[in-house]
Amino acid sequence: MATDRRTKYTKQVIREALFDLMEDRPINKITVTDICKEADINRSTFYSYYEDVYELLSSIQSEMFENVILTLSSENWFEDLLQIVDENRDLCKVLIGPHGDSSFMRQLIYLGYENSIVFWKKKYPDASPELLDYLYAYMSSGVIGILENWVFSDYALSIEEVGEILMGISTEGLRYLKKAQKK
């Protein structure tokens, strides 16, 4: 039991050290030594959990992506997604920030692609794949833009308010799909 608590604590300290460092510089300028100094741990402790800085970041991102994937099947996935972003403020702030990981946003965009296309195909079976791709590009870009703004505003709006904005984008996108399908 104590080992599990120590392991969780150590991983959390390593994670926080990475986030602190990423506020000032990009991941490719951060070394294991930097993280160990910031976390006040020795290198062997770091290496007992992670191979390098990139594996650490990948591990953190994977954890979050797993949670996001689970929300996509939920009826309230907008609110669930916002809850995940809210619970991972530190991660989102550094990954979306100026020293963040651009692949993070691309991965986030594509996580919901298949679920969205399947859902829209059921509602609009005659919609062309090209039209659905464009609709997804529009909606996912809007969602990402709103999430970025929310994170950089230090979460100035509530989850409910941001959820309403996202639902507006979704409604507008579906309204367009209906209109385009009639042509």
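**Exercise 1. Find which residues R15 contacts, leaving aside its neighbours within four places in sequence, and then place R15 in the chain.**

Solution. In this predicted model, the contacts of R15 beyond four places in sequence are with I60, E63, N88, D90 and L91. The next step is to locate the residue itself, and R15 turns out to belong to helix 1, which covers residues 2-22. The last step concerns accessibility: R15 has a relative accessibility of 12%, and because buried means under 20%, R15 counts as buried.

**Exercise 2. Describe the chain as a whole, starting from its secondary structure and ending with its charges.**

Solution. Begin with the elements: the chain has 10 helices and 0 strands, so that its order from the N terminus reads α-α-α-α-α-α-α-α-α-α. For the extent, the C-alpha trace spans about 65 × 30 × 30 Å along its principal axes. Turning to burial and surface, 40% of the 183 residues count as buried, while the accessible surface comes to about 11,000 Å², with 50% of this belonging to carbon and sulfur atoms. As for contacts between residues at least 6 apart in sequence, 64% of them join residues at least 24 apart. Finally, the chain carries 20 positive and 30 negative side chains, and the centres of these two sets are 4 Å apart.

**Exercise 3. Count the aromatic pairs, and work out how Y136 is paired with Y113 and with W120.**

Solution. The count comes to 6 aromatic pairs. One of them joins Y113 and Y136, whose ring centres are 5.3 Å apart with 90° between the planes; since planes over 60 degrees apart count as edge-to-face, the pair is edge-to-face. Y113 lies in helix 8 (residues 113-123) and Y136 in helix 9 (residues 129-152), and therefore the pair ties together parts that are 23 residues apart in sequence. The two partners can then be examined for accessibility: Y113 is partly exposed at a relative accessible area of 27%, whereas Y136, at 9% relative accessibility, counts as buried. The pair of W120 and Y136 has ring centres 6.2 Å apart and planes at 55°, and so it is tilted. This pair also links distant parts of the chain, with W120 in helix 8 and Y136 in helix 9, 16 residues apart. Both W120 and Y136 are buried. To complete the aromatic survey, a cluster linked by ring pairs contains F46, Y47, Y49 and Y50.

**Exercise 4. Establish whether D40 is buried or exposed, do likewise for Y155, and examine phi at D40 and at Y155.**

Solution. Take D40 to begin with: its phi is positive, at about 60°, although D40 is not a glycine. D40 sits in the loop between helix 2 (32-39) and helix 3 (43-49), and with a relative accessible area of 70% D40 is exposed. Y155, likewise a residue other than glycine, has a positive phi near 60°, and Y155 is found in the loop between helix 9 and helix 10 (159-182). The relative accessible area of Y155 is 8%, so that Y155 is buried.

**Exercise 5. Determine which residue lies over the face of Y155, and how far it is from the ring centre.**

Solution. The residue is R89, which lies over the face of Y155 at 3.9 Å from the ring centre. Combining this with the preceding exercise, the ring in question belongs to a buried residue in the loop between helix 9 and helix 10.

Note on methods. Residues are numbered from 1 along each chain as its sequence is written. This is a predicted model: local features need pLDDT of at least 70, side-chain atom pairs count only at pLDDT 80 or more; totals for chains, interfaces and linings use all residues. Side-chain values use heavy atoms; hydrogens and water are left out. Helices (H or I, at least four residues) and strands (E, at least two) are DSSP runs, numbered from the N terminus. Buried means under 20% relative accessible area, exposed over 50%, partly exposed in between (1.4 Å probe, protein chains only). Contact means heavy atoms within 4.5 Å. Accessible areas come from the Shrake-Rupley method with a 1.4 Å probe; for residues, only the protein chains shown count as cover. Lys and Arg count as positive and Asp and Glu as negative; His and the chain ends are not counted. The place of a charge is taken as NZ of Lys, CZ of Arg, CG of Asp or CD of Glu. Rings of Phe, Tyr and Trp (its six-membered ring) pair if their centres lie within 6.5 Å; planes under 30 degrees apart count as stacked, over 60 as edge-to-face and the rest as tilted. A charge sits over a ring if NZ of Lys or CZ of Arg is within 6 Å of the ring centre and within 35 degrees of the ring normal.
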